[in-house]
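Please open the model in your viewer and keep the sequence panel beside it. The tour goes from the whole chain to single residues.

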Amino acid sequence: MHTLFDNPRRLFLGVFLLCTGLIVFGLYLQHGKGLEPCPMCILQRYAFVVAGVLGLLAALHRPGILGQRLYALAMMVAALAGAVVAARQSWLQHNPPKIVECGPDLGFMFGSFSLGDALPMLFKGTGDCSKVLWRFLGLSIPEWALVFFAVIAVAALLLLRRPRVPARSPG
């Protein structure tokens, strides 16, 4: 019986479908439930988009073992970057700042400041980033994001550790 893990193409496609579902759900929470994403939420969405696009490209490209590992490594980097942001936001939610200041949105920050000035603002977090607006099974949105970034990282690790398939001997 074949599983998702037997075929790298299926695993890459699985990551793409997972990321697509998460982005769609995030858009539903935003537009259907009125939960506006903070700058850290937007960065996590970007990480899911990057991981998902890499999964789709790898599934369509059907690369050899070296290509699979390069796609998996890039996917791992996207997942780890997203996990760092999700972990920081989760920490902010559990340890909100004493003085809550709602900072500017992402568009304003990147439109008004250089990248070098805007990035520290994002990771500092704002009052918006420390506020818990939604929970499911006791976990907030960034905590769920952290779970799913871990799933993507494990998938990438499985692809990286995948043994080379020996060439068939003629006969």
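The stops below each begin with something to select.

**The whole chain**

Start with everything shown as a cartoon. This is a predicted model. The protein has seven helices and two strands. Followed along the sequence, these elements come in the order α-α-α-α-α-α-β-β-α. If you colour by burial, 37% of the 171 residues in the protein come out as buried.

**Helices H3 and H7**

Select residues 65-94, which form helix H3, and residues 141-160, which form helix H7. How do their axes cross? They come within 8 Å of each other and cross at roughly 160°. An angle over 145 degrees counts as roughly antiparallel, so H3 is roughly antiparallel to H7. The crossing of these two helices is left-handed. Now show the side chains where H3 meets H7: the contact has 18 nonpolar, five polar and two charged residues.

Within H3, pick Ala83. Ala83 has 16% relative accessibility and therefore counts as buried. Add Ala145 to the selection and draw a distance between the two C-alpha atoms. Ala83 and Ala145 are 62 residues apart in sequence, and their C-alpha atoms are 7.4 Å apart in space.

**Helices H1 and H7**

Keep H7 and add helix H1, residues 8-32. The axes of H1 and H7 come within 10 Å and cross at roughly 170°. H1 and H7 are therefore roughly antiparallel to each other. The crossing of H1 with H7 is left-handed.

**Aromatic rings**

Next, show the rings of the aromatic residues. How many aromatic pairs are there? The count is four. Two of the pairs are visited here.

A pair of rings is described by the distance between the centres and the angle between the planes.

Select Phe12 and Tyr71. Their ring centres are 6.2 Å apart and their planes stand at 70°, so this pair is edge-to-face. Phe12 belongs to helix H1 and Tyr71 to helix H3, so the pair ties together parts that are 59 residues apart in sequence. Are these two residues buried or exposed? Phe12 is buried, and so is Tyr71.

Move on to Phe48 and Phe149. Here the ring centres are 4.0 Å apart and the planes are at 5°, so the pair is stacked. Phe48 sits in helix H2, residues 39-61, and Phe149 in helix H7, so the pair ties together parts that are 101 residues apart in sequence. Both Phe48 and Phe149 are buried.

**Along helix H2**

Stay with H2 and select Ala47. With 8% relative accessibility, Ala47 counts as buried. From Ala47 to Phe149 there are 102 residues in sequence, but the C-alpha atoms are 8.8 Å apart in space.

Then select Met40, also found in H2. Met40 is buried, and its relative accessible area is 0%. Add Val85 and draw the C-alpha distance again. Met40 and Val85 are 45 residues apart in sequence and 6.4 Å apart in space.

**Two cysteines**

Select Cys38 and Cys41 and show their sulfur atoms. What would join two cysteines? A disulfide is a covalent bond between the sulfur atoms of two cysteines. For a pair of sulfurs to be counted as a disulfide, they must lie within 2.5 Å. The sulfur of Cys41 has its closest cysteine sulfur in Cys38, at 3.4 Å, which is too far for a bond. The protein has zero disulfides by this rule. Cys38 has a relative accessibility of 5% and counts as buried. Cys41, at 17%, counts as buried too.

**The loop after H2**

The last selection is Arg62, in the loop between H2 and H3. What is there to see in its backbone? The phi angle of Arg62 is near 55°, a positive value in a residue other than glycine. Switch on the surface and find Arg62 once more: the residue is exposed, with a relative accessible area of 57%.

Note on methods: Residues are numbered from 1 along each chain as its sequence is written. This is a predicted model: local features need pLDDT of at least 70, side-chain atom pairs count only at pLDDT 80 or more; totals for chains, interfaces and linings use all residues. Side-chain values use heavy atoms; hydrogens and water are left out. Axes are lines fitted to C-alpha atoms, for helices over the stretch in contact, and angles run from 0 to 180 degrees between N-to-C directions. Helices (H or I, at least four residues) and strands (E, at least two) are DSSP runs, numbered from the N terminus. Angles under 35 degrees count as roughly parallel, over 145 as roughly antiparallel, 65 to 115 as roughly perpendicular and the rest as oblique. A crossing is left-handed if the near helix is turned anticlockwise from the far one by less than a right angle, and right-handed if clockwise. Ala, Val, Leu, Ile, Met, Phe, Trp, Tyr, Cys and Pro count as nonpolar, Asp, Glu, Lys and Arg as charged, and the others, Gly among them, as polar. Buried means under 20% relative accessible area, exposed over 50%, partly exposed in between (1.4 Å probe, protein chains only). Rings of Phe, Tyr and Trp (its six-membered ring) pair if their centres lie within 6.5 Å; planes under 30 degrees apart count as stacked, over 60 as edge-to-face and the rest as tilted.
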